[in-house]
Amino acid sequence: MTDDNRLPDEADGSLAFAHPSEREFAQILDFYGLKWEYEPRSFPLKWEGDRVLEMLTPDFYLADLDLYVELTTLKQSLVTEKNRKIRHMGEMYPDVNVKLLYRRDYHRLLAKYGFGPLAQAEVRGIDRVLFTAPQIERRVAQLGRQISRDYKKREPVLVGVLRGMLCFMADLMRDISLPVEVEFMATSSYRGEDQSSVRITKDLDAGITGRDVVLVEDIVDSGMTLNYLVGYLRSKDPASLEVCALLDKRARRIVDVPVKYVGFEIPDEFVVGYGLDYLEKYRNLPFIGTLKPDPNG
Ligand code: PRP
């Protein structure tokens, strides 16, 4: 890793990634401004006398999150051994946070940004409905009531991040019985080597200094977008800042940002509808459904 956290030139031999997926992952981390070190520490797991017989060297250390990440792009069937090591490491070093990213997690992360094998997949069909329109309506109304209670006598600013939250924001704001203001932001998505960091493509139109801000998201997945946006909004010195997300896919979290208001926790499946898309389709479905599993997934 270089001091400024950019990818070093491998031609000079300063750092070569063991696998191309690690380089791509490093680029995603760079994009979201997450500081990383590559294989900075090995954890001995088994000794014979003074000799270390077995150890684990996680691929990345994310200092700000105090988190080690091990990427396993191997076939699922070959992952058992790595799993065992990670478990063993957890027992021997209980204070060390380590997360294993499976091949499938990794491919989905890439596909989200239009890369990797899943990105080329044909548009798929709906597999099953996860939340019907009335279920969503009820839950959003509950969130609206909760926010109305928590912000009593205040006038919060709801900041929506385009575009997935559009249905959620439209319903939520009408379920809040307080004067609210609404702002929108948009960010660029990760697009590989040509883009080195998140770019705000549409900024707030009004100042939020001293205001009570609620950041409204449709889904928190890896948490990297949210982490970036929370940092950005904090830098504007709001009086308070909380996050309200309709969907929380906890199983895929890489960066753990506190989310105060959560509509539904969802399993690790690709969901669409009620504003959420797959290749820009399905946003107009009134329900939230899962997509048919991809045969290559
Ligand atoms: C979605 C969602 C979040 C982000 C969450 O946006 O709206 O902003 O992904 O993912 P993360 O937790 O892994 O960072 P997306 O890029 O799909 O754009 P969209 O809202 O325009 O559909």
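A polar contact is a pair of N or O atoms within 3.5 Å; within protein, one of the two must be able to donate a hydrogen and the other to accept it. This definition will be needed at several stops of the tour. The structure shown is a predicted model.

**Stop 1: Arg 253**

Please select Arg 253, which is found in the loop between strand 12 and strand 13. Is Arg 253 buried or exposed? Its relative accessibility is 6%, so Arg 253 counts as buried, the limit for that class being under 20%. Next, display the side chain of Arg 253 together with the backbone of Val 220 and Asp 221. A polar atom of the Arg 253 side chain lies 3.5 Å from the backbone oxygen of Val 220. A polar atom of that side chain also lies 3.2 Å from the backbone oxygen of Asp 221.

**Stop 2: strands 11, 12 and 13**

Select residues 240-248, which make up strand 12. Of the 9 residues in strand 12, 7 are buried, so the strand is largely enclosed by the rest of the structure. Now add strand 11, residues 212-220. Strand 11 and strand 12 run parallel and are joined by 8 bridges. To see one place where these strands face each other, select Leu 215, which stands opposite Val 243 in strand 12. Following the chain from strand 11, one passes through helix 7 before reaching strand 12, and this β-α-β crossover is right-handed.

On the way from helix 7 to strand 12, pause at Asp 237, which lies in the loop between these two elements. The phi angle of Asp 237 is near 55 degrees, a positive value in a residue other than glycine. With a relative accessible area of 53%, Asp 237 is exposed, since that class begins over 50%.

Then add residues 261-265, which form strand 13. Strand 13 pairs with strand 12 in the parallel sense, over 4 bridges. Leu 247 has Phe 264 in strand 13 as its bridge partner. As a general point, strands of a sheet pair through backbone hydrogen bonds, either parallel or antiparallel.

**Stop 3: the ligand**

Select the ligand and display the residues around it. Which residues come nearest to the ligand? Of the 15 residues around the ligand, these are Glu 217, Asp 218, Ser 222, Gly 223 and Thr 225. By class, the shell holds 7 charged, 4 polar and 4 nonpolar residues. Strand 11 supplies the largest share of the shell, 4 residues.

Three polar distances may be displayed in turn. An oxygen atom of the ligand is 2.7 Å from a polar backbone atom of Gly 223. For Arg 163, a polar backbone atom is 3.0 Å from an oxygen atom of the ligand. At Asp 277 the side chain takes part: one of its N or O atoms is 3.1 Å from an oxygen atom of the ligand. Taken alone, the ligand exposes 500 Å², and the protein buries 85% of that. The elements that give two or more residues to the shell are strand 11 and helix 7, residues 224-234.

**Stop 4: Arg 163 and its peptide bond**

Keep Arg 163 selected and add Leu 162. A cis peptide bond joins these two residues, with omega at about 5 degrees. Arg 163 lies in the loop between strand 8 (157-161) and helix 6 (166-174).

**Stop 5: Tyr 274**

Move on to Tyr 274, in the loop between strand 14 (271-272) and strand 15 (288-291). Tyr 274 is not a glycine, yet it has a positive phi of about 50 degrees. Tyr 274 counts as buried, at 7% relative accessibility.

**Stop 6: the open sheet of four strands**

Now turn to an open sheet formed by 4 strands in the order 1-4-5-6, with mixed pairing. Its edge strands, each pairing on one side only, are strand 1 (37-38) and strand 6 (97-102). Select strand 5, residues 67-72, which pairs with strand 6 in the parallel sense over 6 bridges. Within this pair, Leu 71 stands opposite Leu 101 in strand 6.

**Stop 7: Tyr 32 and Tyr 190**

Finish at Tyr 32, in the loop between helix 1 (20-31) and strand 1. Tyr 32 is buried, with a relative accessible area of 5%. Add Tyr 190 to the selection: Tyr 32 and Tyr 190 are 158 residues apart in sequence, and 8.5 Å apart in space from C-alpha to C-alpha.

Notes:
Residues are numbered from 1 along each chain as its sequence is written. This is a predicted model: local features need pLDDT of at least 70, side-chain atom pairs count only at pLDDT 80 or more; totals for chains, interfaces and linings use all residues. Side-chain values use heavy atoms; hydrogens and water are left out. A residue is near a molecule or strand if one of its heavy atoms lies within 4 Å of it. Accessible areas come from the Shrake-Rupley method with a 1.4 Å probe; for residues, only the protein chains shown count as cover. Ala, Val, Leu, Ile, Met, Phe, Trp, Tyr, Cys and Pro count as nonpolar, Asp, Glu, Lys and Arg as charged, and the others, Gly among them, as polar. Buried means under 20% relative accessible area, exposed over 50%, partly exposed in between (1.4 Å probe, protein chains only). Two strands pair if DSSP finds at least two bridges between them. A crossover is right-handed if, with the strands pointing away from the viewer, the path from the first strand over the helix to the second runs clockwise.
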